[in-house]
Amino acid sequence: MVKDEHIGKATFTRRDALKIAGAAGVMAALPWSGIPEAEAAVPELKGPQAGGYYRFAIGDVEAIVVSDGGLSFQPVQPTWVPEASKEELEGTLRSAFLPTDRLNLDVNTLLLNIGGELILVDSGAGGLFGPTLGKQRERLAAAGVAPAQVTGVVLTHAHGDHFGGLLDGNGKLVFPNATYFASKTEVDFWTGPDPDLSKLRVPPENRKVFLDNARRYLGAIKGRLTPVSAGQKIVPGLEVVSAPGHTPGHIALLVSSGKEALLNSADTAHHHVLMFSHPDWTSAFDTDPKMAAETRRRILDRAAADGLRVLGYHLPFPGIGHVRAVKGGGFEWAPEPWNWTS
């Protein structure tokens with residue numbers, strides 16, 4: 001091929017044409033030309049997602065986000081953002097190019113190699129919520145981690161999608177060598193004689209399930225459970241942060257190493273669009289919706305002001321990013337680009 005200097009474009013010569021014809025002959029003679037038709041058929045690409053874990057670092061702390069799967073709520077209301085009108089809700093979702101007839105939430109658990117301990121933050125749902133969840137154990141195994149190697153488990157709060165993975169199908173502890181940690185306020189609330197669930201906007205039979213499961217799972221770890229409180233360090237570099245409202249003793253966790261930090265915000269904000277753009281919008285699962293909204297604004301304000309790296313339990317996998325304050329009192333979620341070198 002030569003360039004015609006008069007018109008500035010490439011033109012083909014007779015030699016180029018012969019090369020192309022020769023290449024076509026070679027292509028026809030390659031081995032795949034003889035593949036049986038059934039084997040050469042285009043495969044279906046649909047099927048279950050694979051992978052499900054993401055390695056990263058916080059200073060010298062090695063970390064993995066382990067996906068337990070995800071949930072889809074259809075329709076969105078009244079379970080989510082009952083304060084919003086249908087028009088407000090759909091407009092907000094549509095502006096983010098999201099479907100308006102459902103709300104999809106990830107479940108992101110966190111594994112930390114910190115302070116000489118292997119600590120898991122929340123255990124996923126186990127078998128409590130159906131086949132789209134309960135993936136944590138298989139994905140820990142894929143990442144090279146055995147349950148017996150986990151030395152500590154922190155529960156951010158006592159909801160089934162956070163504690164369901166503590167027990168196997170036979171009611172045995174999945175993490176047999178772990179010490180367990182949870183907010184003292186949280187444990188006292190769920191195991192007390194008369195927890196106030198009146199502000200939960202779910203049917204009474206669902207409230208009973210919440211309570212029965214919390215008591216069963218907290219009871220299973222009672223002998224190994226260490227209650228913690230705000231400001232306490234579970235190990236050096238892992239600090240408890242008060243974040244009540246979603247449940248009375250709901251906590252976040254601040255992971256620090258050198259000049260780097262990560263705020264595991266747990267269920268402070270369930271959705272990366274709705275509860276960032278409108279921090280006052282709440283969930284039917286909040287034991288105190290007003291307090292949950294106040295906590296959300298406080299935590300997001302802090303994250304935005306300090307430039308904190310944040311992990312959200314229900315944000316799009318792997319759920320790591322930053323928070324940006326915007327005009328009008330709302331916030332934006334800025335997901336962190338995928339790091340291929342961990």
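A pocket, in this predicted model, is an open set of grid points with protein on both sides within 12 Å along at least five of seven lines.

**Figure 1. The largest pocket holds about 490 Å³ of space.** Its lining is made up of 27 residues. Which of them lie nearest the centre? They are Phe73, Phe129, Val202, Phe210 and Phe285. Three elements give two or more residues to this lining: β4 (61-73), α5 (160-163) and α7 (204-220). The most comes from α7, which gives four residues. By type, the lining of the largest pocket divides into 16 nonpolar, eight polar and three charged residues.

**Figure 2. The second largest pocket has a volume of about 300 Å³.** Here 15 residues form the lining. Closest to the centre are Gln49, Ser67, Gly69, Gly70 and Arg139. Both β4 and β5 (103-114) supply at least two lining residues. Which element gives the most to this lining? That is β4, with three residues. The lining of the second largest pocket counts five nonpolar, seven polar and three charged residues.

**Figure 3. Strand β7 (residues 152-155) is covered on both faces.** In a regular strand, side chains alternate between the two faces of the sheet. Look at one side of β7: Gly152 and Val154 are buried there. Now look at the other side, where Val153 and Leu155 are buried too. Buried means under 20% relative accessible area.

**Figure 4. Strand β7 pairs with β6 (residues 117-121).** The two strands run parallel. How many bridges join them? There are three. To find one pair, start at Leu120: its bridge partner in β7 is Val153. Val153 is also one of the buried residues of β7.

**Figure 5. Strand β7 also pairs with β8 (residues 179-183).** This pairing is parallel and has four bridges. Find Gly152 in the view; opposite Gly152 stands Thr179 of β8. Gly152 is buried, as is Val154 on that side of β7.

**Figure 6. β6, helix α4 (residues 136-142) and β7 make a β-α-β unit.** Is the unit right-handed or left-handed? It is right-handed. Trace β6, then helix α4, then β7 to follow the unit. The strands of this unit, β6 and β7, are the parallel pair joined by three bridges.

Notes: Residues are numbered from 1 along each chain as its sequence is written. This is a predicted model: local features need pLDDT of at least 70, side-chain atom pairs count only at pLDDT 80 or more; totals for chains, interfaces and linings use all residues. Side-chain values use heavy atoms; hydrogens and water are left out. Buried means under 20% relative accessible area, exposed over 50%, partly exposed in between (1.4 Å probe, protein chains only). Two strands pair if DSSP finds at least two bridges between them. A crossover is right-handed if, with the strands pointing away from the viewer, the path from the first strand over the helix to the second runs clockwise. On a 1 Å grid over the protein atoms alone, a cavity is a set of points where a 1.4 Å probe fits but cannot get out, and a pocket is an open set with protein on both sides within 12 Å along at least five of seven lines; lining residues have an atom within 4 Å of a point. Grid points are joined across faces, edges and corners, and a volume is the space filled by probe spheres set on the points. Ala, Val, Leu, Ile, Met, Phe, Trp, Tyr, Cys and Pro count as nonpolar, Asp, Glu, Lys and Arg as charged, and the others, Gly among them, as polar.
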